[in-house]
Amino acid sequence: MILRWKLRSGVKQNRLYPTTFSIPSEDERTAVQPGDVVKLMFEQSDGWGERMWVRVEKAGRHRMVGRLENLPLGFPRLDIGSKIRFRREHIVDIHDDPAPPPCPDCVYEARERQLETLRSVRRPAASADGGAGDIGMRFVHGECGGTASVD
Ligand SMILES: [Zn+2]
C-alpha cells in the first residue's frame, strides 16, 4: 500500500472544536514570515497523524513553503528537512523562540535518540478533536547547543 499524507486545516478543526482546539489568531497567522517555525497537523492515509514543526522558507499571502523540523515517527515518506507546501490555514501553533535550523551533527544525534524512542512508543489513539498527536521527535540541537552555523 502506498501511504499518502496530507495536512489538516487548523481553521476547520478549530471551528469544529472551538473550546478544546485552539489555534493562533488570524492576525498571528498572517504575520508569519520566513524564518518562523510553525506547527502543522500531518495525516496519513492509514489514519496515522503527527503534529510537527516546519521552518518557513517562503511566505505568500496564502501559500507557504517550509522544511520539516521534526523527525517523524510514522511517516515513511517524510523526514527532517522535507519540503512542505502548506497554507496559513494549516498553522496550529507558532513557535515562541525557535532554535537555529538543524545542523548535520545534531540531526545525527537526534536520529540516535529517536531509535531509542521508537523502541518504546506505541501507536496512540487519536482524539476526536485532533488534540493528540504531538508524538513526533521534535528536533533539538545536541552537542553544538544551537551554535553551529548552518547554510
Ligand atoms: Zn546543532
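Here's a walk through this structure, strand by strand, ending at its core. Keep in mind that you're looking at a predicted model.

Let's start with the parts list. The protein has three helices and eight strands. If you trace the chain from the N terminus, the elements come in the order β-α-α-β-β-β-β-β-β-α-β. Of the 151 residues, 27% are buried. Now think about contacts between residues with a separation of 6 or more: 64% of these link residues that sit 24 or more positions apart.

A good place to zoom in is strand S2, residues 37-44. S2 is mostly covered, with six of its eight residues buried. Which strands does S2 pair with? One of them is S1 (residues 5-8), which lies antiparallel to S2 and is joined to it by four bridges. You can spot this pairing at Arg 8, whose bridge partner in S2 is Met 41. Met 41 also has a bridge partner in S3, namely Arg 51. Then there's the little strand made of residues 93-94, S7, which pairs antiparallel with S2 over two bridges. Here, look for Val 38 standing opposite Ile 94.

Next, follow the chain from S2 into S3. The two strands make a hairpin with four residues between them, and Gly 47 in that turn has a positive phi of about 95 degrees. Seven bridges hook S2 and S3 together, again antiparallel. One pair to find is Val 37 with its partner in S3, Arg 55.

S3 itself covers residues 49-59, and eight of its 11 residues are buried, so to speak of it as mostly covered is fair. From S3, another hairpin leads on to S4, this time through three residues. S4 (residues 63-68) runs antiparallel to S3, and five bridges join them. Lys 58, for instance, has Val 65 in S4 as its bridge partner.

So what about the core? The largest nonpolar core has 24 residues, and the ones touching the most other members are Val 38, Leu 40, Phe 42, Met 52, Val 54 and Leu 68. S2, S3, S4 and helix H3 (104-120) each supply at least two residues of this core. S2 gives the most, with five residues.

To finish, click on Leu 40. Which residues does Leu 40 touch, leaving out those up to four places away in sequence? They are Leu 7, Met 52, Val 54, Phe 86, His 90, Ile 91 and Val 92.

Terms used:
Residues are numbered from 1 along each chain as its sequence is written. This is a predicted model: local features need pLDDT of at least 70, side-chain atom pairs count only at pLDDT 80 or more; totals for chains, interfaces and linings use all residues. A residue is buried if 20 or more other C-beta atoms lie within 10 Å of its own, exposed if 12 or fewer, and partly exposed in between; C-beta atoms are placed from the backbone. Two strands pair if DSSP finds at least two bridges between them. Two residues are in contact if their C-beta atoms, placed from the backbone, lie within 7 Å. A nonpolar core is a set of buried Ala, Val, Leu, Ile, Met, Phe, Trp, Tyr and Cys residues joined through C-beta atoms within 7 Å.
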